[in-house]
Every structure is written in structure tokens, then in C-alpha cells.
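This report is meant for a reader who has not met the structure before. The sequence and model are shown first, and the description follows.

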Amino acid sequence: MRLLVCIFCIAMVAGLVPVIAQEMTQPEAVPAVEASAPLPPEWSPPGRVGRVSLVSGNVDLRVSGGSTWSDAELNQPIFSGEALRTDPRARGEIRIGANTIDLSNGSEIEIASLRDGVTQILLSRGRIGFHARQAGENETVEIDVPQGDIWLLAPGTYDIDAGEGDRSMRVAVFDGKAHFAGAGGDRRIEGGQTAVLTESEPADAISIEPATADDFVAWCRDHDYDETRLAAPYYVSRYMTGYDELDSAGMWKINAQYGPVWFPTQSEEWAPYRFGHWSWIAPWGWTWLDDQPWGFAPSHYGRWALIDDHWAWVPGEYVRRPPYVPAVVAFLGTPGVGLSSEEGATIAWFPLAPGEAYWPSYTRDLDYVRNLNFGSVQDVAAIGVRADGEPPLEAFNEDFANRLFATVVPRLIFTNGRSAAPARVSLPEKRLQDAPVLMASPQIAPASAQRVANVATANSPVIHASVQLSRKGGPKPIRASSIQLRGRAQPVVLRGAHLHAPAYAGQPRGRHVVVLRLAHSRGGPGKKG
């Protein structure tokens with residue numbers, strides 16, 4: 001009995017020390033845990049996304065279900081329900097898999113639907129250029145304008161103007177074919193043709209003219225890419241958003257252990273998930289936005305490995321429609337706190353290596369979790385969950401290959417979405433090696449309370465705490481308890497919080513390992529960084 005009491009005390013002290021240190025060094029109050037609404041057991045977020053690939057001038061983005069606009073950022077993920085607009089002197093671009101959508105000056109689009117086999121864009125005003133490399137029999141591409149609907153029936157290049165005032169609605173097909181259906185009737189548009197909707201009485205009429213290019217069309221062509229000259233499509237799917245940037249920024253090689261790998265052409269100081277910043281993006285939560293134009297695909301798909309002292313991106317086995325991941329990393333530290341240091345509270349993360357499973361904090365759908373890991377984990381069928389829906393304890397006992405190359409920054413740098421590289425903090429290797437591993441999220445809310453204002457719930461949460469004794473034969477539960485929080489309810493759900501007692505807390509005799517598991521529920525009782 002005394003042994004059990006000692007073990008419990010050690011675990012509690014190990015968790016309190018970083019908290020006390022953080023309180024002494026961090027005067028500004030920051031939400032302590034990741035805020036998210038309770039999710040249905042089988043819920044899963046969108047698996048297909050695009051990205052903001054070019055921003056020239058003032059380009060704004062409106063999140064799904066939102067009403068306010070904010071500055072669009074390079075490599076920001078774009079998915080169903082989001083909208084993008086340019087001011088009268090700006091232009092922008094998004095890419096979805098192999099497809100490119102350019103926005104002209106004073107234009108606004110909304111992603112009405114983006115899922116496997118379907119792309120639906122609402123062009124409410126302005127003009128877009130659409131290079132459809134994936135369109136036709138197995139891919140429906142629809143552009144809706146105020147006057148009707150346009151279907152792109154084959155791969156090709158298209159120029160669509162919604163029209164406004166004295167400007168007529170126009171659909172130009174430079175190569176490919178399209179179909180328009182609206183108030184002026186139905187019309188097939190072949191390559192080399194432009195359909196012009198002319199307002200007339202008693203009904204609108206569609207006329208056909210030759211397709212001609214202007215400065216906007218020339219601009220679209222100038223910064224587009226020639227897929228026939230790329231090596232990436234031989235190694236990864238064309239449905240992987242961001243693949244088109246890889247060839248110009250690195251080289252492909254075949255590795256005996258991992259198969260195709262991609263080496264970025266970067267300096268010795270470069271490391272994955274270091275040059276960029278974090279942003280809270282619903283429904284996933286913390287999402288990595290890389291500074292480099294080529295940084296999208298290696299940040300959201302595949303794994304990273306250090307090969308001959310050089311970082312290599314390992315896309316894994318070929319997956320035709322790879323699902324999007326906000327950041328293929330694991331975090332280090334105490335949930336809601338991070339790692340204590342001389343600099344105060346810090347947040348640390350490292351890239352997952354081939355074979356290491358990614359466990360999202362935003363869903364408990366086992367099939368979805370397996371799909372996220374397919375191609376990078378050898379036997380995804382072996383991925384399972386505990387009865388409470390949490391990842392199995394053994395997933396956190398892995399010798400993570402990249403944990404000593406973690407990037408560490410002060411907590412306010414992380415929560416405020418500031419650039420990580422200039423604010424890096426160095427911690428001893430032993431500190432990184434002994435720190436608890438947190439899968440997918442540090443369980444810390446963003447600095448802006450408005451971004452998580454919809455997660456409040458009516459019921460006070462119950463905190464379940466269980467201390468487990470891990471021997472060579474596997475983890476063994478010792479005791480579980482629950483505490484009902486009194487007073488003001490906390491609008492949070494704490495998921496995936498698996499705490500290993502750090503080495504500096506001391507090991508009991510017999511090589512015992514203390515594991516403290518915490519969760520909220522709503523029911524009753526490159527180089528080393």
C-alpha cells in the first residue's frame with residue numbers, strides 16, 4: 001500500500017512542478033487546455049483540402065460558417081465552406097490536388113463542396129482562371145455563377161467571368177470542354193470557344209465567340225507549372241495537394257529501406273516543422289503553416305527521416321487519395337502546460353518518423369485514424385483503441401526516432417501564431433528524451449478566446465484520473481477515481497493526455513514506470529534542436 005501511495009505522490013509532483021514553474025514565469029493568462037466541443041464517436045473532419053498557393057496584394061479568407069474576413073496566408077488549408085476574395089488591385093491562387101484556381105482582381109469565390117470526386121465552386125463576383133487537370137469521368141467540377149451553373153467536362157484550361165454591370169458573363173474554354181445551364185438555356189462549349197450570356201428581352205441569349213487571351217490569362221499561364229516535367233507524380237498521388245512544388249525545391253531518390261524519398265535543398269540549420277508557425281484552424285485545431293511554397297505536402301502527408309545526416313521526406317506507400325493531416329507531429333510536455341525551462345513555459349514538437357502512428361485529438365473514428373496512417377504504418381489493422389476511445393498505452397512507449405530533434409519555443413510564440421525559428425529555445429537532450437509524449441496536440445487553446453467561443457457546454461466536466469503501474473508484462477491499472485468540478489464549468493475536453501513520469505522524478509524499485517492518464521468527460525462518476 002505504501003508503494004502505491006508513493007507512486008501516486010511522485011506522479012502528482014511531476015505534474016505540479018512544471019505548472020508551478022510556468023505560473024512563476026508566465027504573467028499573462030493563457031487558456032490552459034485545448035478547447036474543443038464534444039465530438040460524436042464516429043465523426044471525422046474533411047479529408048480533402050486545397051491550399052492558398054499565391055497571395056499578391058490584399059487577399060482575404062472567410063472561415064467556414066464565419067462572417068468576418070481575415071488575411072489569407074500562404075499554405076493555409078482551404079476546404080468546404082471557406083471563401084476567398086481579392087481586392088480591386090490584388091490577385092490570388094489556390095491549388096486543390098493537381099487543379100489550379102486563379103482569382104483576378106475584385107473576385108470572390110466560396111468552396112461550396114470539396115470531397116472525393118467532387119469540386120464545387122461558387123463564383124459570386126469577378127473572374128477566375130481554372131486549370132483543371134482532374135476533371136471528367138471520375139471527377140465532377142462545377143462552377144456556379146449568379147446566371148447559372150457551369151460543368152467542366154474534361155481536363156483543360158478555362159476562364160470564367162461572372163459578369164457585373166455592363167460586363168457580360170463569359171465562359172472561355174481554351175482546351176477541354178464545358179457545359180452551361182442557366183436562364184439563357186443549356187449550351188455545350190468546346191475547346192477554342194467562348195460562351196457569352198447577353199441580357200436581352202424577352203430572355204437572355206447565349207452567343208459563341210472565339211476564345212481569346214488577355215493579360216489575366218497570360219498571368220495565369222506564367223506562374224502555372226508543366227506537369228509533364230515533374231517527377232513527383234511518379235511517387236505520390238496527384239490528389240495530394242502541394243505535390244507540384246517539390247521538384248523545384250529538392251530531389252527524389254530511392255532508398256533501400258523507405259522506397260521513394262525526397263530531400264529538400266535547404267541549409268544545415270533547416271529541420272521539418274521549424275520554419276513556419278502554428279495556427280488554430282477548426283475543425284482540426286493546431287495546424288502547421290510552413291513558410292516555404294513547397295512546405296504543404298511534406299507538412300501534412302507522409303513522415304520524416306534523417307538519412308545520412310540529411311532530412312528526407314518519406315511519402316510512404318502510394319495512396320490514391322491521401323487524407324489531410326494538420327501536422328504529422330507529436331508534442332512533448334505536460335498537457336495544458338508544455339515543458340518548463342529557464343525561459344518559462346515552452347511548447348515542443350517533433351516530426352513523426354516512418355512506422356510511427358499519428359493519433360489525432362479531433363476524432364475517435366478508428367477507421368479514419370487507420371486511413372490517416374495507411375501507407376506510413378506497415379500494419380494499420382493493428383492500430384486499435386482502448387475501451388474509452390483513447391489510444392493504447394503502448395503507442396506512447398515507442399522510441400520515437402526524431403524526438404531529440406524537437407523544435408522548442410516559448411508558449412506565447414506558439415499560441416499567438418508567431419514564427420517558430422527565430423524564437424527557438426534549446427533544452428538538454430535528456431530533457432527531451434524524458435519528457436512525456438502528447439499525440440497531435442499540446443492541449444492548449446489559442447490566444448484568442450473568440451476562436452473557441454462556441455465550445456462552451458452546459459455540464460460541468462468530470463475529471464477521470466487513473467494511475468497505472470507498468471512492468472515488463474504490460475501496463476496494469478492500480479486505481480481510478482473521478483472528481484466533479486464545482487463552480488464555473490470549464491468549456492474544454494482534454495483528450496489524449498498520457499503522462500509518463502519523467503526520469504528526474506525518480507524511479508521506484510523494481511523498474512516501475514508511473515503513468516497518469518487524464519481525460520475530461522461529460523458523464524457522471526536535420527540537426528538536434
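In sorting residues by class, Ala, Val, Leu, Ile, Met, Phe, Trp, Tyr, Cys and Pro count as nonpolar, Asp, Glu, Lys and Arg as charged, and the others, Gly among them, as polar. By these classes, the lining of the largest cavity has 13 nonpolar, 7 polar and 2 charged residues.

The model is a predicted one, in which local features need pLDDT of at least 70 and side-chain atom pairs count only at pLDDT 80 or more, while totals for chains, interfaces and linings use all residues. Residues are numbered from 1 along each chain as its sequence is written, and side-chain values use heavy atoms, with hydrogens and water left out.

**Overall make-up**

The protein contains 6 helices and 33 strands; helices (H or I, at least four residues) and strands (E, at least two) are DSSP runs, numbered from the N terminus. Of its 529 residues, 53% are buried, where buried means under 20% relative accessible area, exposed over 50%, and partly exposed in between (1.4 Å probe, protein chains only). The exposed surface of the protein comes to about 23600 Å², and carbon and sulfur atoms supply 51% of it; accessible areas come from the Shrake-Rupley method with a 1.4 Å probe, and for residues only the protein chains shown count as cover.

**Two open sheets**

Two strands are said to pair if DSSP finds at least two bridges between them. One open sheet is formed by 9 strands in the order β3-β2-β5-β8-β9-β11-β12-β15-β16, and its pairing is mixed. Its edges are β3 (70-71) and β16 (185-190), each with a single partner strand, so one side of each is left without a neighbour in the sheet. At one of these edges, β15 (residues 177-182) pairs with β16 in the antiparallel sense over 6 bridges, and G182 stands opposite G185 in β16.

Another open sheet of 9 strands has the order β4-β1-β6-β7-β10-β13-β14-β17-β18, with antiparallel pairing. Its edge strands, β4 (77-78) and β18 (205-210), each pair on one side only. Within this sheet, β10 is joined to β13 by 6 bridges and the two run antiparallel, with A132 opposite G156 in β13. Strand β13 (residues 156-161) is joined in turn to β14 by 5 antiparallel bridges, and β14 pairs with β17 (residues 193-198), also in the antiparallel sense, over 5 bridges. R170 in β14 stands opposite D161, and R170 likewise stands opposite V196 in β17. Strand β14 (residues 169-175) is mostly covered, since 5 of its 7 residues are buried.

**A buried hairpin**

Strands β21 and β22 form a hairpin with 3 residues between them. They run antiparallel, and 6 bridges join β21 (residues 276-281) to β22, with G285 in β22 as the bridge partner of I281. In β22 (residues 285-290), 6 of the 6 residues are buried, so this strand is largely enclosed by the rest of the structure.

**Salt bridges**

A salt bridge is a side-chain nitrogen of Lys or Arg within 4 Å of a carboxyl oxygen of Asp or Glu, and a search of the whole structure finds 19 of them. The table gives some of these pairs.

| Pair | Closest N to O |
|---|---|
| E93 and R95 | 3.1 Å |
| R133 and D224 | 3.0 Å |
| D434 and K430 | 3.2 Å |

R133 forms a salt bridge with D224. R133 lies in the loop between β10 (127-132) and β11 (140-145), and D224 in the loop between α2 (215-222) and β19 (250-255), so the pair ties together parts that are 91 residues apart in sequence. R133 counts as buried, at 11% relative accessibility.

D434 and K430 both lie in helix α6 (residues 429-434), 4 residues apart, about one turn of the helix. D434 counts as buried at 17% relative accessibility, whereas K430 is exposed, with a relative accessible area of 56%. Elsewhere, salt bridges that share partners join R51, E93, R95, D244 and E245 into one network; of these residues, E93 is buried, and so is R95.

**The largest cavity**

On a 1 Å grid over the protein atoms alone, a cavity is a set of points where a 1.4 Å probe fits but cannot get out, and lining residues have an atom within 4 Å of a point. The largest cavity has a volume of about 190 Å³, a volume being the space filled by probe spheres set on the points, which are joined across faces, edges and corners. This cavity is lined by 22 residues, of which Y301, G302, P315, P322 and F374 lie nearest its centre.

Terms used:
On a 1 Å grid over the protein atoms alone, a cavity is a set of points where a 1.4 Å probe fits but cannot get out, and a pocket is an open set with protein on both sides within 12 Å along at least five of seven lines; lining residues have an atom within 4 Å of a point.
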